[in-house]
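User: Please take a close look at one part of this protein and describe the surroundings of a single buried side chain in detail. I would then like to see how that part relates to the rest of the chain.

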Amino acid sequence: MKPVDTQSQLIDDIDRRLIQATQGGLPLTPRPYHQIAEQMGLSAEEVMARLQRMLATGMIRRIGAVPNHYALGYRINGMTVWDVPDEQIDELGQQVGALEFVSHCYRRRRYPPKWPYNLFAMVHGQTAAQVEAQIQIIAQVLGEFNRGHQVLYSTRILKKTGLRI
């Protein structure tokens, strides 16, 4: 996570309005920043500069696509959790995160003895067999460092948005 520059934490009314204008998603147009700028009475350059500043200071974390896997036909979503040696987790996490079917991969704290898992990797598929095949590929990547795993399948969508102001 990017450190937050506390000197730049103050936002003005334009920043607040810009966050409110974009927090629900960018307009689906060829030039979304221009449309937002027009709505706000600003130039597109100012909109982009302000968003860049907010990214640089950590005020906002990222601008990116948030796919709705269900709408894309991916009905089987599984958070795979793995117990791998802490000394290897950075390298293994990079390898697992680089797999094209892993949407996100990260390290989490263990809670022994009931929760020994420290590496999390989310996979999505259109069928259970497809997801199981992906899990087997992850197991092969982890190889001898895989000391156990579980799969936590999604049963419903709880949240697909960031913070709203």
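The answer below starts from one asparagine and moves outward.

User: Where does Asn118 lie, and with which residues is Asn118 in contact?

Analyst: The model discussed here is predicted. Asn118 sits in the loop that runs between strand E2 (102-107) and strand E3 (119-125). Its relative accessible area is 1%, so Asn118 counts as buried.

Two polar partners of the Asn118 side chain can be named. One is the backbone oxygen of Val84, which lies 2.8 Å from a polar atom of that side chain. The other is the side chain of Asp86, with which the side chain of Asn118 forms a polar contact at 2.8 Å. Both Val84 and Asp86 also appear in the list of residues that Asn118 contacts beyond four places in sequence. That list further holds Trp82, Asp83, Pro85 and Ile89, and, from another stretch of the chain, Tyr106, Arg107, Arg108 and Arg110.

Several of these neighbours belong to named elements. Trp82 is the last residue of strand E1 (residues 76-82), and Ile89 is one of the buried residues of helix H4 (residues 89-97). Tyr106 lies in strand E2.

Helix H4 deserves a closer description. Its buried residues are Ile89, Leu92, Gly93 and Val96. Viewed down the axis of H4, these residues fall within an arc of 100°, so they line one face of the helix. An α-helix has 3.6 residues a turn, so residues three or four places apart point the same way. The buried residues of H4 pack against E2, E3 and helix H5 (128-142). On the face turned away from this buried side, H4 carries the exposed residues Asp90 and Gln94. Gly97 also lies in helix H4; with a relative accessibility of 37%, Gly97 counts as partly exposed. Apart from residues up to four places away in sequence, Gly97 touches Val102 and Cys105.

Tyr106, a contact of Asn118, leads to the aromatic residues of this region. The structure holds 3 aromatic pairs. In one of them, the rings of Tyr106 and Phe120 have centres 5.6 Å apart and planes at 20°, so the pair is stacked. This pair joins distant parts of the chain, with Tyr106 in strand E2 and Phe120 in strand E3, 14 residues apart. Tyr106 is partly exposed at 26% relative accessibility, whereas Phe120 is buried at 10%. A second pair is formed by Trp115 and Tyr117, whose ring centres are 4.8 Å apart and whose planes stand at 80°, so the pair is edge-to-face. Here Trp115 is partly exposed at 22% relative accessibility, and Tyr117 is buried at 9%. Ring pairs link Tyr106, Trp115, Tyr117 and Phe120 into a cluster.

Another buried asparagine, Asn77, is found in strand E1. Asn77 has a relative accessible area of 3% and is therefore buried. Its side chain makes polar contacts with the side chain of Tyr70 at 3.4 Å and with the side chain of His124 at 2.6 Å. Beyond four places in sequence, the residues touched by Asn77 are His69, Tyr70, Met122, Val123, His124, Leu152, Tyr153 and Ser154.

The wider setting can now be given. The protein is divided into domain 1 (13-57) and domain 2 (69-153), and the C-alpha centres of the two domains lie 35 Å apart. As a single example of spacing in the chain, Gly97 and Thr22 are 75 residues apart in sequence and 28 Å apart in space, C-alpha to C-alpha.

For residues 15-61, an unreviewed UniProt entry gives the annotation "domain: Siroheme decarboxylase NirL-like HTH". Over that range the chain is 66% helix and 0% strand, and the end C-alpha atoms are 15 Å apart. Within that range, helix H2 (residues 32-40) has Pro32, Ile36, Ala37 and Met40 as its buried residues. They cover an arc of only 135° around the axis, which puts them on the same side of H2. These buried residues pack against helix H1 (13-22) and helix H3 (44-57). Just after H2, Gly41 adopts a positive phi of about 75°.

Definitions and conventions
Residues numbered from 1 in each chain as written. Predicted model: local features only at pLDDT ≥ 70, side-chain atom pairs only at ≥ 80, totals over all residues. Heavy atoms only, no water. Helix = DSSP H or I, 4+ residues; strand = E, 2+ residues; numbered from the N terminus. Buried < 20%, exposed > 50% of the residue type's maximum accessible area, 1.4 Å probe, protein only. Polar contact = N/O pair within 3.5 Å; in protein donor to acceptor, adjacent residues only side chain to side chain. Contact = heavy atoms within 4.5 Å. UniProt positions renumbered as here; feature names shortened; annotations may be inferred. Domains from an automatic or database assignment. Arc of directions from axis to C-beta. Phe/Tyr/Trp six-rings, centres within 6.5 Å; stacked < 30°, edge-to-face > 60°.
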